[in-house]
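Here are some notes to read alongside the model, written for someone meeting a protein fold for the first time. Please keep the structure in view and find each residue as it is named.

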Amino acid sequence: MRTPDGSALKRARLEKNLTLEEAVAALNRVTGGTSDTSQLSAWESGRRRTGLRNRRGLVTLYGKPSEVLFAHQDGRDGVAQVLHQAQGTLVTRWADLVEAMISVVNGAREHLVVTGSRSREKAYLDAIEAAVVRSPDLVHTRVLYGPPSHPELTEHLVRLMELRDPGERRNGLRTLNIGYAGRGETLERFFVASEAKAVVPLPSLHSAEGFDCGIVLGGEAAAGLVHHGREACAAARLLGTIRDVRELPARHR
């Protein structure tokens with residue numbers, strides 16, 4: 001239940017006399033992640049749900065049980081509202097899927113999150129690079145699940161690092177984050193999301209091979225996938241140099 005002081009998660013921070021910046025720094029020391037103040041603020045307000053790794057870290061940091069700290073995020077009303085808003089539009093042709101994904105990229109203004117290690121569509125990768133050049137404040141996050149499956153993706157990652165130094169910050173945030181989760185560490189997932197729109201590729205409705213269909217999402221669902229991707233990247237190993245990309249295990253086929 002909420003109180004005038006906000007959620008139990010926020011009250012736990014205030015009881016420790018920690019600012020958002022201090023709490024995030026302490027959390028990252030516990031988890032080894034790269035969470036930031038905007039994420040913690042969203043968790044405290046209930047606008048976003050905290051991932052498992054950061055939940056464990058916050059339980060350790062604050063010394064309070066998970067069911068107390070995150071009750072405001074896990075209530076049935078909040079979950080039902082998100083599900084209700086997650087209705088999307090189905091696309092069933094490869095050309096339409098690529099067009100929808102490029103539309104997400106071109107419309108991104110604050111965040112652009114891409115997950116998966118199998119991208120190779122030139123027009124799509126070119127659009128991402130153009131967005132990075134066009135919008136210096138755009139925070140671009142890519143999460144790899146295992147090494148790139150195709151050389152086109154490897155070269156795309158190298159070009160991104162040539163366009164932006166992953167170590168530089170704007171407005172207090174890294175604007176290029178490439179995270180690597182080794183094969184077998186977690187299940188691979190595929191989507192592209194901005195703060196306003198997202199596309200999730202689906203298995204083909206036409207054959208037993210490929211992912212040539214997808215669902216287009218907006219609103220809270222898209223913003224939620226941005227949050228998902230940023231948390232996934234924070235839990236992954238950050239690739240900070242072109243050499244890091246070049247030294248990934250070969251999986252090209």
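Leaving aside its neighbours within four places in sequence, which residues is Q39 in contact with?

1. To take that question up directly, and bearing in mind that this is a predicted model, Q39 is in contact with T34, H227, R230 and E231 once its neighbours within four places in sequence are left aside. Q39 itself lies in helix α3, and with a relative accessible area of 3% Q39 is buried.

2. For the overall picture, the secondary structure of the protein chain amounts to twelve helices and ten strands. The radius of gyration of the chain is 19 Å, close to the 18 Å that the globule rule gives for 253 residues, and the chain is therefore as compact as a globular protein of that length. Measured out along its principal axes, the C-alpha trace spans about 50 × 40 × 35 Å. Of the 253 residues in the chain, 46% are buried. Among contacts between residues at least 6 apart in sequence, 71% join residues at least 24 apart.

3. Helix α4, which covers residues 52-62, is a good place to look at how a helix can have two sides. N54, R55, G57, L58, L61 and Y62 are buried in α4, and because these residues cover an arc of only 165° around the axis, they lie on the same side of the helix. As background, an α-helix has 3.6 residues a turn, so residues three or four places apart point the same way. On the other side of α4, L52, R56 and T60 are exposed.

4. What, then, covers the buried residues of α4? The cover includes α1 (8-15), α2 (20-31), α3 (37-45), α5 (66-69), α6 (71-74) and α11 (219-235). Just after α4 comes G63, which takes a positive phi of about 70°.

5. Turning to the strands, in what order do the eight strands of the open sheet stand? The order is β1-β9-β8-β7-β2-β3-β6-β10, and the pairing is mixed. At the edges stand β1 (89-91) and β10 (237-238), each with a single partner strand, so one side of each is left without a neighbour in the sheet. As a general point, strands of a sheet pair through backbone hydrogen bonds, either parallel or antiparallel.

6. Strand β7 can be followed residue by residue, beginning with its pairing to strand β2 (residues 111-115), which is antiparallel and runs over four bridges. In this pairing V192 of β7 is the bridge partner of V114. Strands β7 and β8 also run antiparallel and are joined by two bridges, and a hairpin connects β7 to β8 through two residues. Here V192 stands opposite V199 in β8, while A193 stands opposite A198 in β8.

7. The side chains of β7 deserve a separate look, since in a regular strand the side chains alternate between the two faces of the sheet. In β7, F191 and A193 point one way, whereas V192 and S194 point the other way, and all are buried.

8. Next to consider is the pairing of β8 with β9, which is in the antiparallel sense and extends over six bridges. Within this pairing L202 stands opposite C213 in β9. The residue C213 is buried, with a relative accessible area of 0%, and C233 also counts as buried, at 3% relative accessibility. A reader who notices these cysteines may ask how many disulfides the structure holds. The number of disulfides is zero, a disulfide being a covalent bond between the sulfur atoms of two cysteines.

9. Finally, there is one aromatic pair in the structure. The rings of F190 and F211 have their centres 5.7 Å apart and their planes at 50°, so the pair is tilted. F190 lies in the loop between β6 (176-181) and β7 (191-194), and F211 lies in the loop between β8 (197-202) and β9 (213-218), so the pair ties together parts that are 21 residues apart in sequence. Are these two rings' residues buried, exposed or partly exposed? F190 is partly exposed, with a relative accessible area of 22%, and F211 is likewise partly exposed, with a relative accessible area of 39%.

Definitions and conventions: Residues numbered from 1 in each chain as written. Predicted model: local features only at pLDDT ≥ 70, side-chain atom pairs only at ≥ 80, totals over all residues. Heavy atoms only, no water. Phe/Tyr/Trp six-rings, centres within 6.5 Å; stacked < 30°, edge-to-face > 60°. Buried < 20%, exposed > 50% of the residue type's maximum accessible area, 1.4 Å probe, protein only. Pairing = 2+ DSSP bridges. Disulfide = S-S within 2.5 Å. Arc of directions from axis to C-beta. Contact = heavy atoms within 4.5 Å. Rg over C-alpha atoms; globule rule 2.2 N^0.38 Å.
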